[in-house]
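Reader: I am new to this structure and would like to begin with its charged side chains. Please look closely at where they sit, and then follow the chain outwards from them.

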Amino acid sequence: EGEGTYRRCVFRANSASSGGAIRMYDGAPTFERCIFEANEAQSAGAIATYDGVLGLRACEFRQNSTIGSGGAVNSYDGPISAVDTLFVGNEAGSAGGAIRMGGTLSLAGCRFVSNTAATGGAVRRVGLGQPYIVNCEFRANVATIRGGAYHGLHVTAVHCTFARNSAPAGGALALSGPSRLGNSIVAGPGDQIGGDDLVVTATLVQSGYPGVGNLTGDPGFQDPQIGDLQLSPGSPCVDAGLRSALPQDALDLDGDGDTDEPLPLDSLGSSRVSGASPDLGAYETALGCGRVETFCSALPNADGGVARVVFQGTPDLDAGAFRLAAFDAVAGSSALFFYGALETQVPFGNGFRCLARSTRRLGGPVSVDPSGTVEASPTLPSDIGPGSTWSFQLWYSDPLPAGSGFNSSDAVRVQFCP
């Protein structure tokens with residue numbers, strides 16, 4: 001049993017017969033910015049929930065496993081909602097490489113990458129109810145029988161991107177019962193969608209699928225080989241969606257308290273409609289300048305946090321409003337923002353360096369406040385000019401036992417406007 005919100009927790013390398021890290025029978029806990037990694041169980045690799053309400057926000061589930069169902073999470077009953085949560089490399093011997101779901105499922109802005117199972121490589125849905133899935137990415141998930149990304153009864157999926165998922169039947173989706181797919185992208189060869197009683201509208205299915213406003217062919221991703229499934233400017237998916245297909249903002253992604261309004265944001269927190277019509281898939285394209293994207297990974301520090309860097313200003317150089325912030329660094333530590341044009345991900349102290357070669361300091365040293373937050377509004381150097389793209393990261397001291405004495409945040413990429 002449990003209530004309340006649990007923040008910045010790390011559950012690593014735990015094991016049990018059911019729920020390697022957590023077994024829940026009742027209550028309504030929310031886990032925020034927590035990491036579940038390398039947990040294992042005979043059923044439900046990381047979390048088993050038998051009843052109650054489970055909330056996940058900005059969490060990461062990595063390399064959790066089970067010989068049964070639910071590589072990361074197995075819900076026997078009760079609802080689950082997950083927002084901005086990553087499921088990567090989880091594995092189930094039976095069903096649901098990431099999630100096996102018996103209750104009501106709501107997903108927004110989640111990413112499912114390289115999860116595996118016999119059925120439902122990422123998600124296996126059983127029972128009644130209509131899952132609500134919006135702004136989600138399903139990439140390179142594998143099922144050995146059916147439903148590389150999703151297998152189950154009923155689903156409503158809008159503004160989702162499915163790419164490089166595979167299974168002998170239903171490479172991406174294996175569905176039964178009334179389902180709806182809209183304003184989405186299903187990329188990959190052959191039979192990507194299996195099932196009957198499915199309505200598909202305003203969706204690019206690479207191998208083709210009947211329905212109003214549907215497209216075929218290459219979706220025009222930025223760089224699918226490295227996992228960048230955002231749309232390039234010439235993509236046929238730009239402005240190809242239907243405003244009438246926008247779902248309600250049921251999980252209140254913009255935090256304004258209005259859950260009846262049309263979906264306001266995309267998976268990265270940008271405006272859901274930036275052109276004449278919404279783009280297809282999880283990511284809205286800001287053509288020309290002004291794109292702001294997070295990338296790379298960060299690791300836990302001595303305070304248990306995973307530092308995140310956020311661009312809070314505007315990419316319009318004429319506005320003169322450049323501002324960076326980072327959250328969940330070590331309280332009271334010394335820190336420094338730095339920037340560069342090239343990207344990588346290599347071990348660096350207690351974390352990763354996300355910028356490659358020729359990095360530069362941005363302003364002088366700063367101090368992390370008691371809440372783990374640091375903010376800066378430095379004067380931009382002359383090499384950051386109109387139309388250029390630069391990435392930013394935070395370095396900070398970190399007294400993690402047996403560590404290297406320092407750590408780093410994830411990174412943010414900004415394309416600047418004139």
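Author: A patch of negative charge on the surface brings together Glu-3, Asp-26, Asp-51 and Asp-77, and it should be said at once that this is a predicted model. One member of the patch, Asp-77, belongs to the loop that runs between β12 (73-75) and β13 (80-83). With a relative accessibility of 41%, Asp-77 is classed as partly exposed. Residues in such a patch are taken to have over 30% relative accessible area and no salt bridge, so the charges that do pair have to be looked for elsewhere.

Side chains of opposite charge can pair when their charged atoms come close. Across the whole structure, a search finds 13 salt bridges. One of them is formed by Arg-62 with Glu-60, whose closest N and O atoms are 2.9 Å apart. Arg-62 has a relative accessible area of 19% and is therefore buried, since the word is used for values under 20%; Glu-60, at 8% relative accessibility, is counted as buried too.

Glu-60 also meets the side chain of Arg-308 in a salt bridge, with an N to O distance of 3.0 Å. This second pair links distant parts of the chain, for Glu-60 lies in strand β10 (residues 60-62) while Arg-308 lies in strand β34 (residues 308-311), and 248 residues separate the two. Glu-60 and Arg-308 are both buried. Together with Arg-62 and Asp-410, these two residues are linked in a network of salt bridges.

A further salt bridge is the one between Arg-413 and Glu-293, where the closest N and O atoms are 2.6 Å apart. Because Arg-413 sits in strand β43 and Glu-293 in strand β33, this pair ties together parts of the chain that are 120 residues apart in sequence. Both of its members, Arg-413 and Glu-293, are buried.

The strands that carry this last pair are also joined to one another: β33 and strand β43 (residues 406-415) run antiparallel and are connected by four bridges, with Thr-294 standing opposite Val-412 in β43. In a regular strand the side chains alternate between the two faces of the sheet. For β33, the covered face consists of Glu-293 and Phe-295, whereas the uncovered face consists of Val-292 and Thr-294.

Going back to β10, the strand of Glu-60, one can place it among its neighbours. It belongs to an open sheet of nine strands with parallel pairing, whose order is β2-β6-β10-β14-β18-β22-β25-β27-β30. At the edges stand β2 (10-12) and β30 (204-205), each of which has a single partner strand, so one side of each is left without a neighbour in the sheet. Further along in that order, strand β18 (residues 111-113) and strand β22 (residues 137-139) pair in the parallel sense over three bridges, and here Val-113 is found opposite Arg-139 in β22.

Parallel pairing also appears in another set of strands. Strand β3 (residues 15-18) is joined by three bridges to strand β7 (residues 40-43), the two running parallel, with Ser-18 opposite Ser-43 in β7. In its turn β7 pairs in the parallel sense with strand β11 (residues 65-66) over two bridges, and Ala-41 stands opposite Thr-66 in β11.

The loops that follow some of these strands deserve attention as well. Most residues other than glycine have a negative phi. Ala-140, which is not a glycine, nevertheless has a positive phi of about 60°, and its place is the loop between β22 and β23 (142-146). Asn-183 likewise has a positive phi, near 50°; it lies in the loop between β26 (173-182) and β27 (185-187), and at 0% relative accessibility it counts as buried.

Two more loop residues complete the picture. Thr-285, in the loop between β32 (228-231) and β33 (292-295), counts as buried at 4% relative accessibility, and its C-alpha is 8.6 Å from that of Gly-275, ten residues away in sequence. Leu-362 lies in the loop between β39 (360-361) and β40 (366-367) and is counted as buried at 4% relative accessibility; Leu-362 and Phe-392 are 30 residues apart in sequence, with 8.7 Å between their C-alpha atoms.

Terms used. Residues are numbered from 1 along each chain as its sequence is written. This is a predicted model: local features need pLDDT of at least 70, side-chain atom pairs count only at pLDDT 80 or more; totals for chains, interfaces and linings use all residues. Side-chain values use heavy atoms; hydrogens and water are left out. Two strands pair if DSSP finds at least two bridges between them. Patches are made of residues with over 30% relative accessible area and no salt bridge: like charges are joined within 9 Å, nonpolar side chains (Val, Leu, Ile, Met, Phe, Trp, Tyr) within 5 Å. Accessible areas come from the Shrake-Rupley method with a 1.4 Å probe; for residues, only the protein chains shown count as cover. A salt bridge is a side-chain nitrogen of Lys or Arg within 4 Å of a carboxyl oxygen of Asp or Glu. Lys and Arg count as positive and Asp and Glu as negative; His and the chain ends are not counted. The place of a charge is taken as NZ of Lys, CZ of Arg, CG of Asp or CD of Glu. Buried means under 20% relative accessible area, exposed over 50%, partly exposed in between (1.4 Å probe, protein chains only).
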